[in-house]
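These are my notebook entries from a reading of one structure. I record here what I looked up, entry by entry.

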Amino acid sequence: MYALAYPQGIPTNNPIFKFYAIFILLGGVVALFLSNYRAYKDGKDFNYFYTIFAIAFPSGIIGARIWYVIASWSEFASREWYKVFYFWEGGLAIQGGAIGGVLIGILVALKLKKDNPILRITDYCVPTILIAQAIGRWGNFYNQEVFGHAVSPTAWNFLPGFITSNMQNGNNYMLSSVKLPADSIAVPLFLVEGIINIMFYFLITYGYQAVVKKKYLDGDQTILYFIAYGIVRLVLEPLRNTAFIMGSTGGDLSRSHYKSLLMAIAFILVGVILLIANHLTVYLLNKKNIKSPLHSYHLASEYLDTKVNKTISQLKEEKIESKNESVKNEIKTDDSFLKKLKDKENKDE
């Protein structure tokens, strides 16, 4: 017997449209709106990402499903082959979704959007994936899955009842076939992750540029998304209920947990390396007076300002030297004139 506090979709008795899929789609639509708005603020049309979204979003879903199926193959090995396509029942890995959606989106943008360097375009949209993830996680809430360890209900009694009631099951099984100890509640990781994702979105899109100021470059926000994703996974993975660690079904749980943490660390390390490489590349190109094809020229300000200031300083020094030389010549001329005048006066005498 399953504990079910809320219906899983619409209609409630036999859902055709499941909330899991609805929230994923809703998250995608909100991310599309934010991406268009960010591009619009930079002088683009408000429908800037419609075509890219129409291709990248389903590509992200496919990538998320492929990643999950590969990582949790033991879960599908004994099931009908077509079950691998039932993503609305749950089973999407954000890692695969982010990588698949971003890569396909970049390819489409390179083909259709040639008015801006590609890193400028990715900075419009990639950070908004964090908001899409925060909304999409509510699908896990309705599926009663991907929650944390069992804790005392009093630990989360500050939350609204409609959340806590779906995070406990008494003596029954959850919809995800997990049974919690009696008188306990599952940590609502969907909510924790959602709040952290929203926080990172604002830190990346507003806080980072406010801190680094002229050192900001195109591509920084895109790279910071992957660093943020790694940090979120590194923090939340140890809190996740063991039933929802990918690859743990029928396998070595500790090894699966270890692999998940390694993946999170990999996202962080690769992101940091790319962030350094992004700035180093622009620095070296500007040093050779070569414009980067991946960046907006005006945003390489830390290096351009340095070059401009250096040029101005050189011009000032040249002007001073020129002026000093002119004064010296005038002094020499005056000395010569005075000498000639004095010689003439002596001659007249």
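**Entry 1. Confidence.** I began with confidence along the protein chain, since this is a predicted model. Confidence is lowest in helix α12, residues 301–348, where the mean is 56. Helix α9 has the highest confidence, at 95. For the protein chain I noted a mean pLDDT of 80, with 78% of the residues at 70 or more. I then looked up residues 298–303, where pLDDT stays under 50. For this stretch the model has 18 contacts beyond four places in sequence.

**Entry 2. The chain as a whole.** I recorded 12 helices and four strands in the protein chain. Of its 349 residues, 43% count as buried. About 19,900 Å² of the protein chain is exposed, and carbon and sulfur atoms supply 65% of that area. I also looked up how far apart in sequence the contacting residues are. Among contacts with a separation of 6 or more, 74% are between residues 24 or more positions apart.

**Entry 3. Helix α6.** I asked how many of the eight residues of helix α6 are buried. The count is seven of the eight in residues 129–136, so helix α6 is largely enclosed by the rest of the structure. I listed the buried residues as Leu-130, Ile-131, Ala-132, Gln-133, Ala-134, Ile-135 and Gly-136. I next looked up what covers them. The cover includes α1 (19–41), α4, α7 (138–143), α9 (189–212) and α10.

**Entry 4. Val-30, on the α1 side.** I chose Val-30 in helix α1 to follow one part of that cover. Not counting residues up to four places away in sequence, Val-30 touches Ile-131 and Ile-135. Both of these are on the list of buried residues of α6. I also noted Ala-132, which is 102 residues from Val-30 along the chain, with 6.7 Å between the two C-alpha atoms. Is Val-30 itself buried or partly exposed? Its relative accessibility is 27%, so Val-30 counts as partly exposed.

**Entry 5. The loop after α7.** I turned to the loop between α7 and β3 (150–151), which holds Gln-144. Val-146 is found in that loop as well. I looked up the backbone angles here. Gln-144 has a positive phi of about 50 degrees, although it is not a glycine. Val-146, also a residue other than glycine, has a positive phi near 50 degrees. I then checked accessibility for each. Gln-144 has 0% relative accessibility and therefore counts as buried. Val-146 stands at 17%, and it too counts as buried because the cut-off is under 20%.

**Entry 6. The second largest pocket.** I looked up the second largest pocket and recorded about 480 Å³ of space in it. Its lining consists of 21 residues. Which of them lie nearest its centre? They are Leu-119, Thr-222, Ile-223, Phe-226 and Leu-274. Four helices each supply at least two residues of the lining: α4 (94–112), α5 (118–125), α10 (220–236) and α11 (253–287). The largest share, nine residues, comes from α11. By class, I counted 15 nonpolar, six polar and no charged residues in the lining.

**Entry 7. Asn-278 in α11.** I then examined Asn-278, which is found in helix α11. Its relative accessible area is 8%, so Asn-278 is buried. Leaving aside neighbours within four places in sequence, I found Asn-278 in contact with Leu-119, Leu-217, Asp-218, Gly-219, Asp-220, Ile-223 and His-295. Leu-119 and Ile-223 are among the residues nearest the centre of the second largest pocket. I noted one further distance: the C-alpha atoms of Asn-278 and Leu-294, 16 residues apart along the chain, are separated by 9.7 Å.

**Entry 8. Asp-115, between α4 and α5.** My last entry concerns Asp-115, in the loop between α4 and α5. Which residues does Asp-115 touch, not counting those up to four places away in sequence? They are Lys-44 and Tyr-48. Asp-115 and Lys-44 are 71 residues apart in sequence, and their C-alpha atoms are 9.6 Å apart in space. At 43% relative accessibility, Asp-115 counts as partly exposed.

Notes: Residues are numbered from 1 along each chain as its sequence is written. This is a predicted model: local features need pLDDT of at least 70, side-chain atom pairs count only at pLDDT 80 or more; totals for chains, interfaces and linings use all residues. Side-chain values use heavy atoms; hydrogens and water are left out. On a 1 Å grid over the protein atoms alone, a cavity is a set of points where a 1.4 Å probe fits but cannot get out, and a pocket is an open set with protein on both sides within 12 Å along at least five of seven lines; lining residues have an atom within 4 Å of a point. Grid points are joined across faces, edges and corners, and a volume is the space filled by probe spheres set on the points. Ala, Val, Leu, Ile, Met, Phe, Trp, Tyr, Cys and Pro count as nonpolar, Asp, Glu, Lys and Arg as charged, and the others, Gly among them, as polar. Buried means under 20% relative accessible area, exposed over 50%, partly exposed in between (1.4 Å probe, protein chains only). Contact means heavy atoms within 4.5 Å. Accessible areas come from the Shrake-Rupley method with a 1.4 Å probe; for residues, only the protein chains shown count as cover. pLDDT is the predictor's confidence in each residue, from 0 to 100.
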